[in-house]
Amino acid sequence: MKKFYLVLFIPFLLTASEPSGNGYDIVARTINFVLFFGILYYFIATPIKNAYKARIQSIANRLDGIQKKLKDSQVKKDDALRRVEEAKSNAISLVETSKKEAMILSEKIKNETNQELLNMEKSFEEQKEFERRRMTKVVVGEVLNEIFASDSMKIDQNELVNIVLKKVG
């Protein structure tokens, strides 16, 4: 604090010792300017330094924040790329699985169709056999009716039973 008072009183001492008549006060003005600048530096230097440091710190903080966001976005990008790769591998496995399922379904449909065709052929053969038997019965019945209706042929009952058994059997 003593230095401060000394700095304040030096201009008064210097101007008091100079003669005021010659009009050259450049030395006094220079000393006053240096003192003014010294006082100004004394009072303003610390706030300016603090403001400058605060500005540097805020820029550093923003830079750190940007770096953190950059790292976060890189992590998110890597995660997204990883998920894309997983999706691609899942898609490939799904395609392979669907092809296998399509093959299995086509084989199943083919087997069911073949079985249905076999069932239809069997049913057709049974229907054909049934119709053949029915036609045989109808023809035998008509022949017998004609034979019994006509008087030209007389067969006794035992012979008729033998003939019918041979035809039916």
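**View 1. Helix α1 (residues 2-17) has the lowest mean pLDDT (60) among the elements of the protein, and α2 the highest (92).** This is a predicted model, in which local features need pLDDT of at least 70, side-chain atom pairs count only at pLDDT 80 or more, and totals for chains, interfaces and linings use all residues. Residues are numbered from 1 along each chain as its sequence is written, and side-chain values use heavy atoms, with hydrogens and water left out. Here pLDDT is the predictor's confidence in each residue, from 0 to 100. Across the protein the average is 85, and 81% of the residues score at least 70.

**View 2. The protein has three helices and zero strands.** Along the sequence the pattern reads α-α-α. Helices (H or I, at least four residues) and strands (E, at least two) are DSSP runs, numbered from the N terminus. Of the 169 residues, 4% count as buried; buried means under 20% relative accessible area, exposed over 50%, and partly exposed in between (1.4 Å probe, protein chains only). The accessible surface comes to about 15,600 Å², and 64% of that belongs to carbon and sulfur atoms. Accessible areas come from the Shrake-Rupley method with a 1.4 Å probe, and for residues only the protein chains shown count as cover.

**View 3. Helix α2 bends by about 45° at Ile44.** A proline, Pro47, follows within four residues of that bend. The bend at a residue is the angle between axes fitted to the seven residues ending there and the seven starting there. For its 124 residues, α2 should span 184 Å at 1.5 Å a residue, and its end C-alpha atoms are 171 Å apart, which agrees. The expected span of a helix is 1.5 Å times one less than its number of residues. If you are looking for buried positions in α2, they are Ala28, Leu35, Ala45, Val140 and Leu144.

**View 4. A nonpolar patch of about 1,100 Å² lies on the surface.** Its members are Phe33, Val34, Phe36, Phe37, Leu40, Tyr41, Tyr42, Phe43, Ile44 and Ile48. Patches are made of residues with over 30% relative accessible area and no salt bridge; like charges are joined within 9 Å, and nonpolar side chains (Val, Leu, Ile, Met, Phe, Trp, Tyr) within 5 Å. Take Val34 as a sample member: it sits in helix α2 (residues 26-149) and is exposed, with a relative accessible area of 52%. Ile44, where α2 bends, belongs to this patch too.

**View 5. Arg82 forms salt bridges with Asp79 and with Glu86.** A salt bridge is a side-chain nitrogen of Lys or Arg within 4 Å of a carboxyl oxygen of Asp or Glu. Between Arg82 and Asp79 the N to O distance is 2.2 Å; for Glu86 and Arg82 the closest N and O atoms are 2.8 Å apart. Arg82 and Asp79 are separated by about one helical turn because they are three residues apart in helix α2. Glu86 and Arg82, four residues apart in that helix, are likewise separated by about one helical turn. Arg82 is partly exposed at 43% relative accessibility, Asp79 at 28% and Glu86 at 39%.

**View 6. Glu125 and Lys128 form a salt bridge in which the closest N and O atoms are 3.7 Å apart.** The two residues are three residues apart in helix α2, so about one helical turn separates them. Both partners are partly exposed: Glu125 has a relative accessible area of 42%, and Lys128 one of 44%. Elsewhere, salt bridges that share partners join Asp79, Arg82, Arg83 and Glu86 into one network. The whole structure holds nine salt bridges.

**View 7. Helix α3 (residues 157-168) has 12 residues.** At 1.5 Å a residue they should span 16 Å, and the end C-alpha atoms are 16 Å apart, which agrees. One of the 12 residues is buried, so α3 lies largely in the open.
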